[in-house]
Amino acid sequence: VSEFAEEQDLREIFERFGRVTRVFLAKDRETGRAKGFAFISYQERTDAAKACEKIDGYGYGHLILRVEFAKRAT
């Protein structure tokens, strides 16, 4: 996501697909600007899957969003 993205903007985009329970937008501690990635949590996994399918490749600002399920740390 853009360094100027806000959590509320992301919530509005992703709520179209189901109940969003959490939006975490990683931000730089010094500048307060977004680091370029976020985590969106849904109440229902099926809603998350629908959002992944529909929002991956979606234009947001001047960028194209890459949306996928988070991977477990190894």
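These are my notebook entries on the nonpolar core and the salt bridges of one predicted model.

**Entry 1, ground rules.** I am working from a predicted model, in which local features need pLDDT of at least 70 and side-chain atom pairs count only at pLDDT 80 or more, while totals for chains, interfaces and linings use all residues. I number residues from 1 along each chain as its sequence is written, and the side-chain values use heavy atoms, with hydrogens and water left out.

**Entry 2, the core.** I looked up the largest nonpolar core (buried Ala, Val, Leu, Ile, Met, Phe, Trp, Tyr and Cys residues joined through side-chain atoms within 4.5 Å), where buried stands for under 20% relative accessible area, exposed for over 50% and partly exposed for in between, with a 1.4 Å probe and protein chains only. This core has 17 residues, and those with the most contacts inside it are Leu10, Phe14, Tyr42, Ile55, Tyr60 and Val67. Two or more residues each come from helix 1 (7-14), strand 1 (20-27), strand 2 (34-42) and helix 2 (45-55), the elements being DSSP runs numbered from the N terminus (helices H or I, at least four residues; strands E, at least two). Helix 2 gives the largest share of the core, 4 residues.

**Entry 3, Tyr60.** Which residues is Tyr60 in contact with, leaving aside its neighbours within four places in sequence? I find Ala5, Glu6, Asp9, Leu10, Ile13 and Leu65, taking contact as heavy atoms within 4.5 Å.

**Entry 4, Lys27 and Glu6.** I then turned to salt bridges (a side-chain nitrogen of Lys or Arg within 4 Å of a carboxyl oxygen of Asp or Glu), and the count comes to 6. One of these joins the side chains of Lys27 and Glu6, at 3.7 Å from N to O, and it links distant parts of the chain, with Lys27 in strand 1 and Glu6 in the segment before helix 1, 21 residues apart. Lys27 is partly exposed at 34% relative accessible area, and Glu6 is also partly exposed, at 42%.

**Entry 5, the network.** I noted that Asp56, Arg66, Glu68 and Lys71 are linked in a network of salt bridges. Within it, the side chains of Arg66 and Glu68 meet at 3.2 Å, N to O, and Lys71 forms a salt bridge with Glu68, whose closest N and O atoms are 3.2 Å apart. I recorded Arg66 as exposed at 63% relative accessibility and Lys71 as exposed at 64%, whereas Glu68 is partly exposed at 44%.
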